[in-house]
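Here is a briefing on one protein chain. Keep the sequence and the 3D view open while you read.

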Amino acid sequence: MATVSQSSEQPFKLSVVVPVYNEENTLPRFLSEMAQVLAPVTENYEIIFALDPCRDRTEQMIAEAHQKDPRVKLLRFSRRFGQPAATLAGIEYASGDAIVIIDCDMQDPPSLIPEMVRLWREEGYKVVIPQRRTREGENCIKKAVAYTAYWFINKTASVSIPRNAGDFRLLDKRVAQELASLHESHGFLRGLTALVGFETKLLPFDRQARAGGEGKYNPLTGSFKIGFNGIVAFSSALLNGIAILGLALFGLTIFAAIVLAACKFFGWYEFATGLATIGIAMLLLASLQFLAFGVMGAYISRIYDEVKMRPKFIVERSLGLDEPNKE
């Protein structure tokens, strides 16, 4: 049973972090619904749009919303750093006692926020993660990739990542501070949240189709990239698999050598010159070598990124936000 961390009578501030890129079609509905949803929860809130430079009017629309309501705030990056970096930037700049991460496309329903806040305030959960029961508007390939990636990560990783859960979640301020203290360039939020721990509550919901516009991830490769990043970041199974494969091939080679030697010695089989067979075998071995090098390269590239310690994001412009505390 979770312990209650703060009374429902105590005042609190809620931060909502929204990574956004080219969302002028969904932004008006999102802002309207967020105002209606947050008003009964608390008047002391902020909505932080973490924005990669856009080709449409998204930035101007957010600036206009800020003029009308200073609680709408903006982080604009110097170039496109991607959604994971934008999310981590919003978390670092947020000043609320709790932080909700949500997308602007309305697939993650803002109507869940009051229940997420209740679970945090009244039942004391430090992390509340909505979990999808259905995934409307997603093709079979994306669903299959997501299912396979979650299955593999949870079978091999040192942490347990809830299946069918995206970045939509509520984080207690303490959890956000621990996340901000991590120095990883590849910000796989779902894995990082599981890594820091704390009591977590799953909240089932039915995911809807996008309210408008198009998704920013490639429908074929987007989910694969996210899943592969999660596997490499939180599991060494691929590296271990290469070692096991190498041992298995070595054992098979020894066995084949013994069988061929016995056939030759006892005259069980007359071998013909088989250049094609030799060529295929060489290609097979070469392909396995390249596969092994490719997997090792994926890990080495992440080591390279971490060693460089490049900034995860660079803020070019902000509205209504102070610099985060770096201590």
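The points below go from the whole chain to its cores, its surface and a few single residues.

This is a predicted model. The protein chain has 327 residues, and 42% of them are buried. It holds 10 helices and 8 strands.

**Whole chain**
- The exposed area of the protein chain is about 17900 Å². Carbon and sulfur atoms account for 60% of that area.
- Take the contacts in the chain with a separation of 6 or more: 82% of them link residues 24 or more positions apart.

**Nonpolar cores**
- The largest nonpolar core has 39 residues. Leu14, Phe49 and Val100 touch the most other members.
- Several elements give two or more residues to this core. Among the strands are strand 1 (14-20), strand 2 (45-51), strand 3 (72-77), strand 4 (98-101) and strand 7 (200-207). The helices include helix 1 (27-38), helix 2 (58-68) and helix 4 (113-122).
- Helix 1 is the top contributor to this core, giving 6 residues.
- A second core is separate and has 25 residues. Phe81, Leu88, Val127 and Leu321 are included in it.

**Around valine 100**
- Which residues does valine 100 touch, not counting residues up to four places away in sequence? One run is Leu14, Ser15, Val16 and Val17. Ile113 and Met116 are also on the list. Phe168, Arg169 and Leu170 complete it.
- Two of these partners, Ile113 and Met116, are buried in helix 4.

**Helix 4 and its end**
- Buried residues in helix 4 also include Val117, Leu119, Trp120 and Arg121.
- Glycine 124 follows helix 4 and has a positive phi, near 80°.

**Lysine 13**
- Lysine 13 sits in the segment before strand 1.
- Is lysine 13 buried or exposed? Its relative accessibility is 19%, so lysine 13 counts as buried, the cut-off being under 20%.
- The side chain of lysine 13 makes a polar contact of 2.7 Å with the side chain of serine 95.
- Leave aside neighbours within four places in sequence, and lysine 13 is in contact with Ser95, Gly96, Asp97 and Ala98, among others. Asn44, Glu46 and Lys73 are also in contact with lysine 13.

**Surface patch**
- Five residues form a nonpolar patch on the surface: Leu239, Phe290, Phe293, Met296 and Ile300. Together they have about 520 Å² of accessible area.
- Helix 10 (residues 275-308) gives the most to the patch, with 4 residues.
- Phenylalanine 293 lies in helix 10. Why does phenylalanine 293 count as exposed? Its relative accessibility is 53%, and exposed means over 50%.

**Positive phi outside glycine**
- Most residues other than glycine have a negative phi.
- Asparagine 22 is not a glycine, yet its phi is positive, about 50°. Asparagine 22 is in the loop between strand 1 and helix 1. With a relative accessible area of 15%, asparagine 22 is buried.
- Methionine 106 is another residue other than glycine with a positive phi, near 70°. Methionine 106 is in the loop between strand 4 and helix 4. Its relative accessibility is 6%, so methionine 106 counts as buried.

Technical notes
Residues numbered from 1 in each chain as written. Heavy atoms only, no water. Core = buried A, V, L, I, M, F, W, Y, C linked by side-chain atoms within 4.5 Å. Buried < 20%, exposed > 50% of the residue type's maximum accessible area, 1.4 Å probe, protein only. Contact = heavy atoms within 4.5 Å. Polar contact = N/O pair within 3.5 Å; in protein donor to acceptor, adjacent residues only side chain to side chain. Patch = residues over 30% accessible without salt bridge, like charges linked within 9 Å, V, L, I, M, F, W, Y side chains within 5 Å. Areas by Shrake-Rupley, 256 points an atom, 1.4 Å probe, with all protein chains shown as cover. Salt bridge = Lys/Arg side-chain N within 4 Å of Asp/Glu carboxyl O.
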